[in-house]
Amino acid sequence: MGGIPTGKKKKEATIKNYVSWFEIPAIDFTQAVNFYNHIFGIEMAQNVTEVNAMAFFPATKGIGGAIIAGPGSVPSDTGPLLYLNGGKDLGDVLNKVEEAGGRIVMPKTLISEDAGYFAIFIDCQGNKLALHSNN
């Protein structure tokens, strides 16, 4: 079957989760939050500012995500923005994007000391994705 050939190469560290965060864009924030609260039977915590609004899926372990409304948050049938786990330092992964045929859209950027860093890139197929790491 297909896949990556296994040989006697140096074993690289494996990443536990390749997805670390997701956002689902919304135009009508209240309607979107009510929809997800209803279908999952949850109550999403919200953070609404003058610029954007976020409602967080209540994840205590594992991968989390949010509904987001604001500039640049446009629902699309091409899919939500997926944040991939950048490991210990997303720069290690981001530095390989262009050499592999991709394009960096937003360089490594601090979210906050608690939330870590993110970067956005276009892959070699034209998909817009993001990376996240604590460092």
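Glu12, Ala13, Thr14, Ile15, Asn85, Gly86, Gly87, Lys88, Asp89, Asp92, Val93 and Lys96 line the second largest pocket of this chain, which is seen here in a predicted model. The volume of that pocket is about 340 Å³, and its lining divides by class into three nonpolar, four polar and five charged residues.

The chain around this pocket has 135 residues, of which 30% count as buried. Its secondary structure consists of two helices and eight strands, and, read from one end of the sequence to the other, these elements follow the pattern β-α-β-β-β-β-α-β-β-β. Among the contacts between residues at least 6 apart in sequence, 48% join residues at least 24 apart.

The pairing of the strands can be followed from strand 1, which covers residues 19–25 and pairs with strand 5, residues 81–85, in the antiparallel sense over four bridges. Within this pair, Phe22 of the one strand has Leu82 in strand 5 as its bridge partner. Strand 1 is also joined to strand 4, residues 64–69, but here the two strands run parallel and the number of bridges is five; Ile24 has Ile67 in strand 4 as its bridge partner. From strand 4 the path leads on to strand 3, since these two are joined by four bridges and run antiparallel, with Met54 standing opposite Ile68 of strand 4. Strand 3, which spans residues 53–56, is in turn joined by four bridges to strand 2, residues 45–48, again in an antiparallel arrangement. Gln46 finds its bridge partner in Ala55 of strand 3, and the connection from strand 2 to strand 3 is a hairpin that passes through four residues.

Some of these strands return in the description of the largest pocket, whose volume is about 830 Å³. This pocket is lined by 27 residues, and those closest to its centre are Glu23, Ile68, Leu81, Tyr83 and Ile120. Two or more lining residues come from each of strand 1, strand 5, strand 6 (103–112), strand 7 (116–122) and strand 8. By class, the lining comprises 17 nonpolar, eight polar and two charged residues.

Strand 8 covers residues 128–133 and includes Ser133. Is Ser133 buried or exposed? Its relative accessibility is 2%, and because buried means under 20% relative accessible area, Ser133 counts as buried. A polar atom of the Ser133 side chain lies 2.5 Å from the backbone oxygen of Asn135. When neighbours within four places in sequence are left aside, the residues in contact with Ser133 are Gly86, Gly87, Lys88, Asp89, Leu90, Ala115, Gly116 and Tyr117. Gly86, Gly87, Lys88 and Asp89, which are among these contacts, also appear in the lining of the second largest pocket.

A contrasting setting is found at Asp114, which lies in the loop between strand 6 and strand 7. With a relative accessible area of 76%, Asp114 is exposed, because that word applies to values over 50%. Asp114 and Asn134 are 20 residues apart along the chain, and their C-alpha atoms are separated by 7.9 Å.

Technical notes. Residues are numbered from 1 along each chain as its sequence is written. This is a predicted model: local features need pLDDT of at least 70, side-chain atom pairs count only at pLDDT 80 or more; totals for chains, interfaces and linings use all residues. Side-chain values use heavy atoms; hydrogens and water are left out. Two strands pair if DSSP finds at least two bridges between them. Buried means under 20% relative accessible area, exposed over 50%, partly exposed in between (1.4 Å probe, protein chains only). A polar contact is a pair of N or O atoms within 3.5 Å; within protein, one must be able to donate a hydrogen and the other to accept it, and residues adjacent in sequence count only if both atoms are side-chain atoms. Contact means heavy atoms within 4.5 Å. On a 1 Å grid over the protein atoms alone, a cavity is a set of points where a 1.4 Å probe fits but cannot get out, and a pocket is an open set with protein on both sides within 12 Å along at least five of seven lines; lining residues have an atom within 4 Å of a point. Grid points are joined across faces, edges and corners, and a volume is the space filled by probe spheres set on the points. Ala, Val, Leu, Ile, Met, Phe, Trp, Tyr, Cys and Pro count as nonpolar, Asp, Glu, Lys and Arg as charged, and the others, Gly among them, as polar.
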